[in-house]
Amino acid sequence: MENREQARDKTLITDPKKINAAHENVQLIEWEDFDNELARLWSLTSALKEADEKKQSLREKLQSLIQVKNESLNKLNELEEMRERLEARKVVMANMSTRCRVATEDAKKQEEMLSTEVRSLLVAGTSLSVARKRLQEANRLLTEERDCVKLKNVQRKLRARQQYMISQVSLLYPVKILVGPAQEQELESYSSSSRLGNPSASKPVNQGLLTILGLNLTLLPFTKMSFFTDKKEVQRSATALGYVAHAVSLIASYLQVPLRYPLRLGGSRSYINDHASSIDPASSDLSLDTTLSANVKPAEFPLFLEGQDTTRAAYAVFLLNKDIEQLLNFIGVKSLGPRHVLANLKELLRSVQSSEYIDT
């Protein structure tokens, strides 16, 4: 403040115009009024100072108000800009809301379409599953059919091999029919209709007409043995039974059939076993007990008469015929009877060597 007053006083003194104006406005004051005038001037100076101070204070307040107003204007401008941006955001949000609503409607439509497609896929999946099961079943049936065909082919090969092996047995032990005193011929047409289902067409042939490897088999010595019985005939019958036993054993092994009454081969001194738990060989009743006992040793019966009981030997021939009957039943052929050993063996050999055996 003092600096401003000194500057003003210097200005009043140094400014010529103001000096001239001051000289023109000079007022003469009496001495007795000087103190009053001086006091008045002093009060005016003080008032002026106070006025200057108030002016300065007002100027500062005005500046602060102007600054506040400017700041308010700036804030208003910023608020206006923010309002404009907000309006723009509202427009954007409205557009986005519209797009969202459209997208939601499209999504619902897509969802409905997808639901329809999913249902279609489920139906198609179920159909595919059923078709897959049918295909698997068809493949299984086809595989089983192929396996069945392979099995049939293997069975045909096996039967052909069995047929060949048994044909060798037929060559080794030929069963022929005796036509005349010095002639023999193969019994090709003998008992050709003895398959199961037509047993009446087969007629038993007298076993005296049949031979195996040239030897005749007669059962007369087995039923009536006396001092006058021909020993050579007994020996020939024992040899023929040995041939039959060997042929039956070979055929059973080729057909892979375990015989119900196993054989112990020994040529003309062969035996046949019976696993029945109790048998009375002396009785005329030749019924078999099928119950096996593991603790009872199987009974052996001779297939020859020399030095043997006729009843045991006859029972042995009966069991041998039962073995042949078992093999006939295995290939589906009916037996010709319990007293036709060579006829049954001949029928067994003929049936196995026929073409029907491979095709069955």
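Which residues of E6 are buried on one side, and which on the other? I opened the notebook with this strand and found both of its faces covered, with Tyr271 and Asn273 buried on one side and Ile272 and Asp274 buried on the other. I note at the outset that I am reading a predicted model.

**Entry 1: the sheet around E6**

I followed the neighbours of E6 next, and found an open sheet of three strands in the order E5-E6-E7, with antiparallel pairing. E5 (263–264) and E7 (299–302) are the edge strands, and each has a single partner strand, so one side of each has no neighbour in the sheet. As background, I wrote down that strands of a sheet pair through backbone hydrogen bonds, either parallel or antiparallel.

I then went through the pairings one at a time. E5 is joined to E6 (residues 271–274) by two bridges, and within this pair Leu263 stands opposite Ile272. The two strands make a hairpin with six residues between them, and in the turn Gly267 has a positive phi of about 70°. On the other side of the turn's second strand, E6 is joined to E7 by four bridges, again antiparallel, and here Tyr271 has Pro302 of E7 as its bridge partner.

I also looked for what lies over this sheet, and recorded that H6 lies across E5, E6 and E7, running at about 100° to E7.

**Entry 2: E1 and E3**

For a second strand I turned to E1, where one face is covered, with Val175 and Ile177, and the other is uncovered, with Lys176 and Leu178. The general rule I had in mind is that side chains in a regular strand alternate between the two faces of the sheet. E1 pairs with E3 in the antiparallel sense over three bridges, and the bridge partner of Val175 in E3 is Ile212.

**Entry 3: H5 against H7**

I moved on to the helices and looked up H5 (residues 231–255) and H7 (residues 341–352), which pack at an angle of about 30° with their axes 12 Å apart. The crossing of H5 past H7 is left-handed. From H5 the contact is made by Val244, Val248 and Ile251, and from H7 by Val341, Leu342, Leu345, Leu348 and Leu349. I sorted these contact residues by character, and the result was eight nonpolar, no polar and no charged.

Ile251 seemed worth a separate look. Leaving out residues up to four places away in sequence, Ile251 touches Ile166, Val169, Leu327, Leu345, Leu348 and Leu349.

**Entry 4: the largest nonpolar core**

Which residues touch the most other members of the largest nonpolar core? The core has 46 residues, and the ones I listed are Val244, Val248, Ile251, Leu320, Leu327 and Leu345. The elements that give two or more residues to this core are H3 (34–172), E1 (175–178), E3 (210–212), H5, H6 (310–330) and H7, and H5 supplies the largest share, with 10 residues. I set beside this the general remark that nonpolar side chains in soluble globular proteins tend to be buried together.

**Entry 5: the buried residues of H3**

In H3 I found Glu37, Gln162, Gln163, Ile166, Ser167, Val169 and Ser170 buried. I then asked what covers the buried residues of H3, and the answer includes H5, H7 and H8 (355–359).

**Entry 6: two positive phi values outside glycine**

Most residues other than glycine have a negative phi, and most peptide bonds are trans, and with that in mind I checked two exceptions. Leu213 is not a glycine, yet has a positive phi of about 55°; Leu213 lies in the loop between E3 and E4 (215–216), and is partly exposed, with a relative accessible area of 41%. Gln256 likewise has a positive phi, near 60°; Gln256 lies in the loop between H5 and E5, and is exposed, with a relative accessible area of 64%.

**Entry 7: the whole protein**

I closed with the totals. The protein has eight helices and seven strands, and buried residues make up 26% of its 360 residues. Among contacts between residues at least 6 apart in sequence, 64% join residues at least 24 apart.

Notes. Residues are numbered from 1 along each chain as its sequence is written. This is a predicted model: local features need pLDDT of at least 70, side-chain atom pairs count only at pLDDT 80 or more; totals for chains, interfaces and linings use all residues. Side-chain values use heavy atoms; hydrogens and water are left out. Axes are lines fitted to C-alpha atoms, for helices over the stretch in contact, and angles run from 0 to 180 degrees between N-to-C directions. A crossing is left-handed if the near helix is turned anticlockwise from the far one by less than a right angle, and right-handed if clockwise. Contact means heavy atoms within 4.5 Å. Ala, Val, Leu, Ile, Met, Phe, Trp, Tyr, Cys and Pro count as nonpolar, Asp, Glu, Lys and Arg as charged, and the others, Gly among them, as polar. A nonpolar core is a set of buried Ala, Val, Leu, Ile, Met, Phe, Trp, Tyr and Cys residues joined through side-chain atoms within 4.5 Å. Buried means under 20% relative accessible area, exposed over 50%, partly exposed in between (1.4 Å probe, protein chains only). Two strands pair if DSSP finds at least two bridges between them.
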